[in-house]
Amino acid sequence: MTVAPLPKRVDGLKLVEVNQQLTGTISSADLTRLAGIVRSSSPDVNCDVEFSRDEEHLRVLAGECNVGVVMECQRCLEDVSFTIEASFRLGLVLNDDQARALPKRLEPAELDEAGRLDLWETIEDELLLNLPDFPMHPQGECQAFKIEPEEDIAAEEEERPNPFDVLAQLKQK
Ligand SMILES: [Zn+2]
């Protein structure tokens, strides 16, 4: 199966009525807000989304997306790589009143007056929501933790008396 780029703007109303599923990629370079936060990212965001009506007949965009990124570890300031995964269920609405009327389980995503949705922006929002506030290496892999034990060993060695010094002192007497 070839993976095609995901369209940027889609007809949200129409895709809901045909229960459209879209599997594809977005070039990470096109997501400039994400690019401004991470040090680098894998070339493509992988996306799997579905437009549908839920049991309450509400318009829903559900999906899962992921992208590999490199950020700055907040402990040692070195690169830390991980995958951002976003899983979402959004209520597609045409105005603020509809957004307020949504049940709590659905976050609103607003269509424009023609019913169109910026799919890239919507997915970028979801990825940004799933970025860690304080990206860090796991403890065993972080440089900040590796430096500490080495310093301890060096300090211990300085304190330990050198047996040759003791010998030299004895000879002097
Ligand atoms: Zn680190």
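Two strands count as paired if DSSP finds at least two bridges between them. By that rule, β6 and β7 pair in the antiparallel sense, over 13 bridges. The model discussed here is predicted.

## Strand pairing

Strand β6 covers residues 59–72 and β7 covers 79–93. Within this pair, Val-69 of β6 stands opposite Phe-82 in β7. The two strands form a hairpin with six residues between them. In that hairpin, Leu-77 takes a positive phi near 70 degrees.

β6 also pairs with β5, residues 44–53. Eight bridges join these two strands, which run antiparallel. Two residue pairs show the register. Ser-52 has Val-60 as its bridge partner in β6, and Glu-50 stands opposite Ala-62 in β6. β5 and β6 make a hairpin too, with five residues between the strands. His-57 sits in the turn and has a positive phi of about 70 degrees.

A short stretch, β4 (residues 40–41), is joined to β6 by two bridges, and these strands run antiparallel. Here Ser-41 has Val-69 as its bridge partner in β6. Val-69 thus has a partner in β4 and a residue opposite in β7.

β3 is joined to β5 by seven bridges, again antiparallel. Leu-22 stands opposite Val-49 in β5.

The table collects the pairings.

| Strand pair | Bridges | Sense |
|---|---|---|
| β4 and β6 | two bridges | antiparallel |
| β5 and β6 | eight bridges | antiparallel |
| β6 and β7 | 13 bridges | antiparallel |
| β3 and β5 | seven bridges | antiparallel |

## Two residues of β3

Thr-25 and Gln-21 both belong to β3: the strand spans residues 21–27 and holds Thr-25, and Gln-21 lies in it too. Their exposure can be compared with the cut-offs. Thr-25 has a relative accessible area of 13%, which is under 20%, so Thr-25 is buried. Gln-21 is at 53%, which is over 50%, so Gln-21 counts as exposed.

Contacts beyond four places in sequence fill in the picture. Thr-25 touches Val-3, Ala-4, Pro-5, Leu-6, Asp-44, Val-45 and Asn-46. Gln-21 touches Val-49 and Glu-50. The C-alpha atoms of Gln-21 and Asp-48 are 7.5 Å apart, although 27 residues separate them along the chain.

## The zinc site

Which residues donate to the zinc ion? They are Cys-73 through SG, Cys-76 through SG, His-137 through ND1 and Cys-142 through SG. These donors lie 2.0 to 2.3 Å from the ion. In sequence, their spacing is C-x2-C-x60-H-x4-C.

Why does the arrangement count as tetrahedral? The angles between the four donor atoms run from 102 to 123 degrees, and the criterion asks for all angles between 85 and 135 degrees, so the site qualifies. For four tetrahedral donors, the ideal angle is 109.5 degrees.

Cys-76 lies in the loop between β6 and β7, and His-137 in the loop between α4 (119–129) and α5 (143–159), so this pair ties together parts that are 61 residues apart in sequence. Cys-76 is buried, with a relative accessible area of 15%. His-137 is buried as well, at 11%.

## Nonpolar cores and α4

The largest nonpolar core has 31 residues. Those with the most contacts inside it are Phe-51, Leu-61, Leu-119, Ile-123 and Leu-127. The elements that give two or more residues to this core are α1 (12–17), β3, β5, β6, β7 and α4. A second, separate core has five residues, among them Val-60, Ala-62, Val-93 and Leu-106. In soluble globular proteins, nonpolar side chains tend to be buried together.

Helix α4 has these buried residues: Leu-119, Trp-120, Thr-122, Ile-123, Glu-124, Glu-126 and Leu-127. Beyond its sequence neighbours within four places, Ile-123 contacts Leu-6, Ile-26, Cys-47, Val-49, Cys-65 and Phe-88. Asp-118 caps the N-terminal end of α4. One of its side-chain oxygens lies 3.2 Å from the backbone nitrogen of Trp-120.

## Pro-108 in β8

Pro-108 is placed in β8, residues 107–110. Is Pro-108 buried, partly exposed or exposed? Its relative accessible area is 41%, so Pro-108 is partly exposed. Leaving out residues up to four places away, Pro-108 touches Gly-91, Val-93, Ala-99 and Leu-102. From Pro-108 to Leu-90 the C-alpha distance is 5.5 Å, with the two 18 residues apart in sequence.

Technical notes: Residues are numbered from 1 along each chain as its sequence is written. This is a predicted model: local features need pLDDT of at least 70, side-chain atom pairs count only at pLDDT 80 or more; totals for chains, interfaces and linings use all residues. Side-chain values use heavy atoms; hydrogens and water are left out. Donors are N, O and S atoms within 2.8 Å of the metal (3.2 Å for Na, K and Ca); water is not among the atoms, so sites may look incomplete. Four donors count as tetrahedral if all angles lie between 85 and 135 degrees; four count as square planar and six as octahedral if opposite donors are over 155 degrees apart and all others between 65 and 115; anything else is irregular. Helices (H or I, at least four residues) and strands (E, at least two) are DSSP runs, numbered from the N terminus. Buried means under 20% relative accessible area, exposed over 50%, partly exposed in between (1.4 Å probe, protein chains only). Contact means heavy atoms within 4.5 Å. A nonpolar core is a set of buried Ala, Val, Leu, Ile, Met, Phe, Trp, Tyr and Cys residues joined through side-chain atoms within 4.5 Å. A polar contact is a pair of N or O atoms within 3.5 Å; within protein, one must be able to donate a hydrogen and the other to accept it, and residues adjacent in sequence count only if both atoms are side-chain atoms.
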